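Here's a quick briefing to read alongside the viewer. Keep the model open and click through the spots as they come up.

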Amino acid sequence: MKKSGAQIICESLIEEGVEVIFGFPGGVLLPFYDVLPQYPQIRHILVRHEQGAAHAADGYARATGKVGVCMATSGPGATNLVTGIANAYLDSSPVVALTGQVARPFIGKDAFQEIDITGITLPITKHSYVALEASSLARIFKEAFYLARTGRPGPVLIDLPRDVQIEPAEVQHPSKMDLPGYKIPLKGHPTQIKNAAKLINEAQRPLIIAGRGVLISGASAELKQLAETGQIPVITTLLGIGSFPESHVLSYGMAGMHGSGYANKALDQTDLLIAIGMRFDDRVTGKVSAFAPHARIIHIDLDPAEIGKNVRVDVPTVGDVKTVLQALNKLVNTTQHIEWIQQIEDWRRQHPLTDIEDSTGLLPQYIVHQLYELTGGEAIIVTGVGQNQMWAAQHYSYNEPNSFISSGGLGTMGFGLPAAMGAKVGRPDKTVWCVDGDGSLQMTIQELATLVQDNIAVKIAVLNNGYLGMVRQWQELFYEKRYVATPLSCPDFVKVAEAYSIAALRVTRREEVIPAIEQAMAHEGPFLIDFMVEPEENVFPMVPQGASIAEFIEEPKREVSTWPRRGTP
């Protein structure tokens, strides 16, 4: 029995377990949208901008571990997806982007709303398809979802000409995958694993740095076993947050440009760095020539292109993180490194991160800490990009995998609200807080309408300082306070939220913070709190551009209050 290309698309999505699409229709996609009601298994969420669709699919993927799906029409709809596709690519999120295309006879003719979206996205996708025959759709969708979710995950794009969606074809969904050139190295080389174990067993000051690859592989239990067996301190990258419980006695939080001073000191003084599922981004390494100067380096990663790309590596191990750690754990001896841990604890006392200082104004650090206290650390926190992102990383304690969702590699302002929307759709059982800045929120603020239309109960904490805060901070510290193009005029966010029929509050004093958060959490639908924070509060510590990771700037001292720091000492 023949079916239309549009019907084959819907059936292929169901075959891949797709339950939700974040999309925005257009003329060349009408054949698909026309048959969509025939398939009630697929929920379509109408976003207000295609960038929101891509970020929502990304947030959904990170929160659930499933493939997120976004859809846009040809031309500007497709190009509006590009930022979100690039974000998913750099952060290894499994996303399938579906784009409409003009009918086959018009391709290459500069037709209305025609764009070569596969050419545009070639550098930022794992693979791209143009479906030129309806009979090829089932195979293309099977391959696309397989590529998106396997190996190092990432976005795959499928371009769908209008007439292919109409064309009838016999449908036969492939039962197996046949991609001869696509090989995934899973096990890791036994000799390299033995060499890694030998170095770990001999090290006096070992240190683990865990990245997003641990989360992707589902290897948190194996990481914990390695750390506890070898009594090895653990630090994380920004996107590795949640891979190791931050309440654990061996957890020393995030390292890097805005990581803790003690984590960066440990990086500088370790004699063996065990890098797991991370890519040595410049925000972690600082000055590469001065990075981990005393250390031999073990690097475990699924992607061979990351090995040796940015830093020298002594023991490269290419393979799936979970599989490699399972093999490695069998060879690592039960060991103690008491003096080394005491040294890091000394650095923690000298360079505390999460003590919150007194201020006459409202401190964003205090707000994030209260979010942690009032959610019991059990919420999913999704951030925008900028100072809000760093405060959320520093002052909330993450003990569960995939409980912190943020834009790392691309640093995309506007990511927070739509990604939180996707996370809540994927995990309706969880409380989801979007911690955003006033600048970042305004880039995708129209998705408030999507929250209302689809009753997506995201809670939004706006850390409103009236600036593009992170850029302003650099101007303060390195450009003699020449605040060019960073003072930010904002709307009344409470009135904006209410205009969208979202409950909202404004908070200006510290004593209002806890009641406001409690009210937001008790409310059944979406809720926005506009926190009017100190306008020139900075994120510290901070490693200046070009400095080594140990050359961090600390906050000028104020009188320290007794707010407890997170975690177990």
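**Starting at the surface**

Leu90 sits in helix 5, which covers residues 82-90. Keep in mind that this is a predicted model. From Leu90 we'll move to a loop residue, then to the strands and helices.

**The patch around Leu90**

- Leu90 counts as partly exposed, with a relative accessibility of 31%.
- Together with Tyr89 and Leu410, Leu90 makes a nonpolar surface patch of about 220 Å².

**Asn402 and its contacts**

- You'll find Asn402 in the loop that links helix 17 (387-395) to strand 16 (404-405).
- Is Asn402 buried or partly exposed? Its relative accessible area is 22%, and buried means under 20%, so Asn402 counts as partly exposed.
- If you skip the neighbours within four places in sequence, Asn402 is in contact with Arg62, Leu215 and Ile380.
- Ala61 is 341 residues away from Asn402 along the chain, yet their C-alpha atoms are separated by 10.0 Å.

**The six-stranded sheet**

- This one is an open sheet of 6 strands, paired in parallel, in the order 11-10-9-12-13-14.
- Strand 11 (251-254) and strand 14 (315-318) are at the edges with a single partner strand each, so one side of each has no neighbour in the sheet.
- On average, neighbouring strands here are turned by 15° against each other, direction ignored.
- Helix 9 (residues 190-202) packs on the sheet, where it touches strand 12 (272-276), strand 13 and strand 14, and its direction makes about 135° with that of strand 14.
- Helix 15 (residues 338-350) lies across strand 9 (206-210) and strand 11, and it runs at about 50° to strand 11.

**Strand 12 and its neighbours**

- Why is strand 12 described as largely enclosed by the rest of the structure? Because 5 of the 5 residues of strand 12 are buried.
- In a regular strand, side chains alternate between the two faces of the sheet.
- In strand 12, Leu272, Ile274 and Ile276 point one way while Leu273 and Ala275 point the other way, and all are buried.
- Strand 9 and strand 12 run parallel and are joined by 5 bridges; Ile208 has Ile274 in strand 12 as its bridge partner.
- Strand 12 also pairs with strand 13 in the parallel sense, again over 5 bridges, and here Ala275 has His299 in strand 13 as its bridge partner.
- Moving on to strand 13 (residues 296-301), 4 bridges join it to strand 14, and the two run parallel. Asp301 stands opposite Val318 in strand 14.

**Strand 18 and its partners**

- Strand 18 (residues 459-464) is mostly covered, with 6 of its 6 residues buried.
- Lys459, Ala461 and Leu463 point one way from strand 18, and Ile460, Val462 and Asn464 point the other way; all are buried, including the lysine at 459.
- Strand 17 (residues 432-437) pairs with strand 18 in the parallel sense over 5 bridges, and Asp436 stands opposite Val462 in strand 18.
- Strand 18 is also joined to strand 20 (residues 527-532) by 6 bridges, and these two run parallel as well. Lys459 stands opposite Phe527 in strand 20.

**A covered helix**

- How many of the 11 residues in helix 18 (residues 416-426) are buried? The count is 10, which makes helix 18 mostly covered.
- Among the buried residues of helix 18 are Leu417, Pro418, Met421, Lys424 and Val425.

Key. Residues are numbered from 1 along each chain as its sequence is written. This is a predicted model: local features need pLDDT of at least 70, side-chain atom pairs count only at pLDDT 80 or more; totals for chains, interfaces and linings use all residues. Side-chain values use heavy atoms; hydrogens and water are left out. Buried means under 20% relative accessible area, exposed over 50%, partly exposed in between (1.4 Å probe, protein chains only). Contact means heavy atoms within 4.5 Å. Two strands pair if DSSP finds at least two bridges between them. Axes are lines fitted to C-alpha atoms, for helices over the stretch in contact, and angles run from 0 to 180 degrees between N-to-C directions. Patches are made of residues with over 30% relative accessible area and no salt bridge: like charges are joined within 9 Å, nonpolar side chains (Val, Leu, Ile, Met, Phe, Trp, Tyr) within 5 Å. Accessible areas come from the Shrake-Rupley method with a 1.4 Å probe; for residues, only the protein chains shown count as cover. A salt bridge is a side-chain nitrogen of Lys or Arg within 4 Å of a carboxyl oxygen of Asp or Glu.
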